[in-house]
Amino acid sequence: MSEIVIREQSEGRTSRFVTVEGVRFHALDWGGGGAPLVLVHGGRRTGRSWNAVARRLRNDFRVIALDMRGHGESDGPESGYRAAEGAQDMAGIIEELDLPPHHVVSHSYGGAISGLYAANHPDRVLGMVMIEPVPDGPAHWVRVNMLNEDLTEKPGPGRRNTWSSLDDLKARLANNNMTRVWTPEALEDVLNEETIVLPDGRAQAAWSVNAYGPEEMATDVFRLMDGADRMTMPILIVVAEENRLLESHLRPLAEALPRGQIQVMPDVGHAIYMQVPDETADIARRFLLTARD
């Protein structure tokens, strides 16, 4: 299937739809100058969660934010959501978009996907910034309370993606410990571009519950450390000071990377790029434009 291109009405963005192995994927192309910069979101977010960062980087790079499988405007089939499969999706999307060598900035589970992608395609990646990357699985799904220690499904509302109204979701974001620290700009983008208002008034987050199948989560086996020696491009790992994996997993990963660095940030939560987009953009710009040689 040929690429479908839709020009957006705001901010000069272009939606690009490509098909990889029968699954249609969406990428939001911000245009801009310089080498391509691919943005990869984590779970329960979309490429549009990067809007604030993209606005700040489009003068330095050609910014392209991906919607991964089951998120945003990409298809949400019943299966295919393990990290290794996400890396294959990422490779296929980038190939279909016909991108030359590019930079990557990723967050959380998107860091797992992009790390595996970079290990498999080191010739494609000029440099990479990994924000709070997930270093291994299925331990990740245990840590986020979606699986028990024995890898059985943990009961609870963990895969809820619909609220009674947009006001209900807005109140939830304003009062949740993780989201209330996001900037007003990021919160507006969540409500305006990452939420679907259904005909009955309910507000649905733009991700599919299919992305969280317990059987796939239990078999989502990977370790970024295993491919560290193949990630030969400059890589910066950005970590919140309070991340409990900092010393056990993420600092050792940075040290194992041939050209790895780590930056520890105080007073931030997990979604650093939605809490401090100015600082995030500055860090990415400075590292990617100066760490190439």
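Modeller: Before we start: buried means under 20% relative accessible area, exposed means over 50%, and partly exposed is in between (1.4 Å probe, protein chains only).

Biologist: Okay. What kind of model is this?

Modeller: It's a predicted model, where local features need pLDDT of at least 70 and side-chain atom pairs count only at pLDDT 80 or more, while totals for chains, interfaces and linings use all residues. Residues are numbered from 1 along each chain as its sequence is written, and side-chain values use heavy atoms, with hydrogens and water left out.

Biologist: Let's start with T46. Where does T46 sit?

Modeller: T46 is in the loop that runs between strand 4 (36-40) and helix 1 (51-57). Helices (H or I, at least four residues) and strands (E, at least two) are DSSP runs, numbered from the N terminus.

Biologist: And is T46 buried or exposed?

Modeller: T46 counts as buried, because its relative accessibility is 2%.

Biologist: So which residues does T46 touch?

Modeller: Leaving out residues up to four places away in sequence, T46 touches H41, L66, D67, G72, E194 and A206. A contact here means heavy atoms within 4.5 Å.

Biologist: New topic: V63. Which strand is V63 in?

Modeller: V63 is part of strand 5, which covers residues 62-67.

Biologist: Why does V63 count as buried?

Modeller: V63 has 1% relative accessibility, so V63 counts as buried.

Biologist: What's around V63, then?

Modeller: If you skip neighbours within four places in sequence, V63 is in contact with L28, D29, W30, G31, L37, L39, A54, L57 and R58.

Biologist: How far apart are V63 and H107?

Modeller: In sequence, V63 and H107 are 44 residues apart. In space, their C-alpha atoms are 15 Å apart.

Biologist: Now the largest nonpolar core. How many residues does it have?

Modeller: The largest nonpolar core has 93 residues. Such a core is a set of buried Ala, Val, Leu, Ile, Met, Phe, Trp, Tyr and Cys residues joined through side-chain atoms within 4.5 Å.

Biologist: Which residues have the most contacts inside this core?

Modeller: Those are L66, M90, V105, V129 and M231. The largest share of the core comes from helix 3 (residues 109-120), which gives seven residues.

Biologist: Pick M90. Which residues is M90 in contact with?

Modeller: Not counting neighbours within four places in sequence, M90 is in contact with V38, V40, L66, M68, V104, I113, S114 and Y117. Of these, I113, S114 and Y117 are among the buried residues of helix 3.

Biologist: Helix 3 again! How many residues does it have, and how far does it reach?

Modeller: Helix 3 has twelve residues and reaches 17 Å from its first C-alpha to its last. That is close to the 16 Å expected at 1.5 Å a residue; the expected span of a helix is 1.5 Å times one less than its number of residues.

Biologist: Why do you call helix 3 largely enclosed?

Modeller: Eleven of its twelve residues are buried, so helix 3 is largely enclosed by the rest of the structure.

Biologist: Which residues of helix 3 are buried?

Modeller: Y109, G110, G111, A112, I113, S114, G115, L116, Y117, A118 and A119.

Biologist: Last one: what do those buried residues pack against?

Modeller: Three strands and helices come up early in the chain: strand 4, helix 2 and strand 6 (102-107) are among the partners of helix 3's buried residues. They also pack against strand 7 (125-131), helix 4 (139-143) and strand 12 (222-223).
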